[in-house]
Amino acid sequence: MKEYLFPIRKVVFFVFLLSSLGLKSQNIGEPTNLLAIVNIVTENSVPIESKEEYVNAEMTITDPDHLYDYSGETQIRGRGNHTWEVPPKKPYKIKLNKKASLMGLPENKHWALMAHWMTQTWSSNYFAFEMARKIGMGWQPHMVPVEVILNGQFIGLYFIQETIRIVEGRLDIFEQKDGNIDSEDLPYGWLVEVDNSIEEGQVNVEEWPGGPINWITPHSPEDLNSLQYEWLENEFTQLGLESYIFETDNPSLFQHIDITSLARYSLVRDILFDGDAYYGSWYFHKDKGEDSKWIVGPMWDCQLRFRDHDDLLLNSLEIFTYLTRFKYMDGIRRYPQYWTAVYEEWNKFFPDQFEETLLYLKEMQERLAIPMENDWAVWPSQLAIVDFTDSYTCYEEIETALRGNAQIFDEALLRQMASKEAVMPDDIEIERLGNEFQIRGNFVSLDAYNVLGQKLSIYESNSSAFKISFGNSSVVIIKAITSSGETIERKIAR
């Protein structure tokens, strides 16, 4: 099976090999001046070598139109796990000495300067954040492209990105204080992350009794007392139990976690076919209010993976099951209530809002065509693991991946739901005959379509029996008017 893996996880060895052979990227070139230029000078020009210790620095931003010029003192350090350790192009955490608006975004002290060493990673996140906003997930991090000079050396295309914090202008919910002992506030004002790396201050929870350990990183409150630690430990222990103890009627799981937010989050990850989904950077938050539940999100650290259209032959959502191998989801996905929510939210998004989101990405790709190619000159090692050498081909590859993933998911989801959708009136019968089916009934009109909306041929067996071929599709949509005047629309699975 042809497969393109866009996340950088599989290229770790390759990058390590380049570095060990002395083939590190040579920092060459100059800014294109098509984007704002971020100029950072650290105190005494010391290098940034740690993601724990901040370095004092001066930072200026010069916008081509001078709308978002900035100058101020800051602190800077490395950030990330894998992205800090492996790629030669490093991401950074910015902590301004005073709150400020950067590139027109709401004021804050805390920002990320994201490297997105492989072009696909910024595209994945840019698409994912916009998709999440469109499907109703609320605030998502905004990212603005800039070009960066660090201690006099041009280091390429970066993105100023909002970090996830409980604060007005970002995740605007009630915030519980560090060390809180007020039992009334204890269940509210949380921002936590199901993590994929061990950090200090985490709450370690068995996914089920005797099962793997989930690392829960509290971001707000961050410094937990014993009361807060015990409460959060119990919450995620209970979530794990509810995920695996299957309840058909009114499951307690969905009294605990908001099912719509979970469905929306899953859609974003599934359309990216994100290999890191549910494995890390999986955020949950909980506001204060009556009947408050855990809300899934915001999105962070999204990666795009391309699967060949031949996967359609699998005709089921099994092609997405590898996404569920971690962190509760293989238990949650047994619930029909979950799939109903996914189905409803997907139909709101696809295809119209999907096309709008692709256009949103395409416009940014076009804007960054020259800065991207300039960045590849600065960091040429990233080109050694992709099939494109120009920005146009790059976008084509990414668009093909997203369209392919969406079509595969749409057909698989339709098949998952088709058994319910295909219930026919008593006077209409369906008989499956291999790669085709026969429908019997008295119709005034009868039409058949594939999931792309293309009309299919219908062959009349006799005056009341009609044959329709599935062709390459796993689902056929029937639209008919019966002789009694009833209008029906049904999805028939292969």
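## Strand pairs and a helix crossing

Strand β15 (residues 429-433) runs antiparallel to strand β16, and 5 bridges hold the pairing. This is a predicted model, and the briefing below follows the strands from β15 onward before turning to a pair of helices, α6 and α8, whose axes come within 9 Å.

**The hairpin of β15 and β16**
- Across this pairing, R432 sits opposite F437 in β16.
- The hairpin has 2 residues between its strands, and G434 there adopts a positive phi near 70°.

**From β16 on to β19 and β18**
- Strand β16 (residues 436-440) also pairs with strand β19 (residues 465-469); the two run antiparallel and are joined by 5 bridges.
- One of the partnerships here links E436 to S469 in β19.
- Strand β19 pairs with strand β18 (residues 458-462) as well, again in the antiparallel sense, over 4 bridges.
- In that pairing, Y459 faces K467 of β19.

**Where α6 meets α8**
- Two packed helices are described by the angle between their axes and the distance between the axes.
- Helix α6 (residues 259-272) and helix α8 (residues 336-349) cross at roughly 65°, so they are roughly perpendicular to each other.
- The crossing of α6 and α8 is right-handed.
- On the α6 side, the contact residues include I259, L262, L267 and I271, while α8 contributes Y338, V342 and W346, among others.
- Sorted by type, the residues of this contact are 9 nonpolar, 3 polar and 2 charged.

How values were computed
Residues numbered from 1 in each chain as written. Predicted model: local features only at pLDDT ≥ 70, side-chain atom pairs only at ≥ 80, totals over all residues. Heavy atoms only, no water. Pairing = 2+ DSSP bridges. Axes fitted to C-alpha atoms, helices over the stretch in contact; angles between N-to-C directions. Parallel < 35°, antiparallel > 145°, perpendicular 65-115°, else oblique. Left-handed = near helix turned anticlockwise from the far one by under 90°. Contact = heavy atoms within 4.5 Å. Nonpolar A, V, L, I, M, F, W, Y, C, P; charged D, E, K, R; others polar.
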